[in-house]
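Work through the exercises below with the sequence and the model in view. Try each task before reading its solution.

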Amino acid sequence: MVVVKYVKKLVLLLCLVFAVSACGYHNSATEPNRVGEQFREVAIAKVENPTLERWLEPKIRSMLRDEITRRGQLVWTDKSKADALFNIKVLELSDGSRILGDQDVTMKYDMTLKVQMKVTDATDGSLIWNSGPFSVTESYYTGQEEATKQLVTKLLVRRLVDKMNQAY
């Protein structure tokens, strides 16, 4: 009886392991980055921010550095010593509203942050990787605008680094 109980647990555990591995799950922190091993030392060359949100450029720089440092795949250095340079352009930070209920009162909003990041070879400027236009949208209610700005920035940076690490 005890042996059957352990066998059932073992079979369940094995099924879980196979199911998780079959769906393509992986820890992105252990995945190789798309930049390549020859471009291990990196720097942020520029962050273009045409919006009126002056906090956005330093926030993106800080969060990108933190996220890549946390994953331990690349090493930050000065621009003059870098193998690869990150160039980020903020394409949009927008706020939209939705009318909820039958009284035509705006209660729920959507915030979208859209950027494009290009990684170039520091020696010749050739393109190594391009994210293409990439965005994150989050919904929020009245009074949550500042917290949502921080959240969409954090999510965008995290997903951008995830995208840089994807092998497809």
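**Exercise 1: a lysine in a helix**

K149 is buried, because its relative accessible area is 6% and buried means under 20% (exposed is over 50%, partly exposed in between; 1.4 Å probe, protein chains only). The model is predicted: local features need pLDDT of at least 70, side-chain atom pairs count only at pLDDT 80 or more, and totals for chains, interfaces and linings use all residues. Residues are numbered from 1 along each chain as its sequence is written, and side-chain values use heavy atoms, with hydrogens and water left out.

Task: State which element holds K149 and which residues K149 touches, not counting residues up to four places away in sequence.

Solution. Step 1: K149 belongs to helix 3, residues 145-165. Helices (H or I, at least four residues) and strands (E, at least two) are DSSP runs, numbered from the N terminus. Step 2: with that exclusion, K149 is in contact with E53, W55 and M111; contact means heavy atoms within 4.5 Å.

**Exercise 2: two strands and a helix**

Task: Describe how strand 1 and strand 2 run and what joins them.

Solution. Step 1: strand 1 (residues 41-48) and strand 2 (residues 75-76) run parallel, joined by two bridges. Strands pair if DSSP finds at least two bridges between them. Step 2: opposite V42 stands W76 of strand 2. Step 3: with helix 2 (residues 56-71), the two strands form a right-handed β-α-β unit. Right-handed means that, with the strands pointing away from the viewer, the path from the first strand over the helix to the second runs clockwise.
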